[in-house]
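Me: Please take a close look at one part of this chain and describe how it is held in its surroundings. A connected account would be preferred to a list.

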Amino acid sequence: MSQSKTIYGQLEIWWVDLEPTRGAETQKKRPCVILQSDLVNRSSRTLIVAPLLPGHKSWPFAVNLVSTKKNRLDKDRHINLKQLRSVDVSRVDNQQGTLEEKYLSSIKEALSIVFGF
């Protein structure tokens, strides 16, 4: 029997196993937001994600999130855009929710700070 392929969407929040890690990398199984475009998601076995960490931060590379019914976060969190990861889909588990598009401009701004362009 063939297994159906999950289609991942940009701005969806999924639980991702980030272990094993080294040094200062974000650890554990965490909710992560998919940043890679839907076009790339359809044809790739890897996803570019960013972890959602507890609390709010004033870092220029962080985007603060508020828990809503749509994103289904358990508490207010922040996206640490300095901790981007490319992960194989085998690390991805359950979908948490979907991040609201109102955060997209802040994500783009934080990424431009991280990458300097």
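Reply: Two strands pair if DSSP finds at least two bridges between them; strands (E, at least two residues) and helices (H or I, at least four) are DSSP runs numbered from the N terminus. The model is predicted, so local features need pLDDT of at least 70 and side-chain atom pairs pLDDT 80 or more, whereas totals for chains, interfaces and linings use all residues. Residues are numbered from 1 along each chain as its sequence is written, and side-chain values use heavy atoms, without hydrogens and water.

The part chosen is strand 5, which comprises residues 77-80. Strand 5 has an antiparallel partner in strand 3, to which three bridges join it. In this pairing, L52 stands opposite I79. Strand 4 is likewise antiparallel to strand 5, and four bridges join the two. Here L65 is the residue that stands opposite R77.

In a regular strand, side chains alternate between the two faces of the sheet. Strand 5 is covered on both faces: R77 and I79 on one side are buried (under 20% relative accessible area, with exposed over 50% and partly exposed in between; 1.4 Å probe, protein chains only). On the other side, H78 and N80 are buried as well.

I79 also belongs to the largest nonpolar core, a set of buried Ala, Val, Leu, Ile, Met, Phe, Trp, Tyr and Cys residues joined through side-chain atoms within 4.5 Å. This core has 15 residues, and I79 is listed among those with the most contacts inside it, together with V33, V63, L65, L81, L99 and I107. Strand 3 (46-54), strand 4 (62-65) and helix 2 (104-115) are the elements that give two or more residues to the core. Apart from this core lies another, of eleven residues, including V16, C32, V89 and V92.

V33 shows how I79 is surrounded: among the residues that V33 touches (heavy atoms within 4.5 Å), beyond four places in sequence, are I79, L52 and L99. The same list for V33 includes I48, V49 and A50, as well as L11, E12 and I13.

L35 lies in the loop between strand 2 (29-34) and helix 1 (38-41). L35 counts as buried because its relative accessibility is 14%. Beyond four places in sequence, L35 is in contact with Q10, I48, A50, L81, L84 and I107.

R77 of strand 5 has a charged partner too. Side chains of opposite charge can pair when their charged atoms come close. R77 forms a salt bridge with D74 (a side-chain nitrogen of Lys or Arg within 4 Å of a carboxyl oxygen of Asp or Glu), and the closest N and O atoms are 3.1 Å apart. R77 is buried, at a relative accessible area of 6%, whereas D74 is exposed, at 55%.

By this rule, the structure has three salt bridges. Another of them joins D93 and K29, whose closest N and O atoms are 2.5 Å apart. Because D93 lies in strand 7 (residues 92-98) and K29 in strand 2, this pair ties together parts 64 residues apart in sequence. D93, at 36%, is partly exposed, as is K29, at 41%. R45 and D88 form a salt bridge as well, with the closest N and O atoms 3.3 Å apart. This pair links R45, in the loop between helix 1 and strand 3, to D88, in strand 6 (residues 85-88), 43 residues apart.
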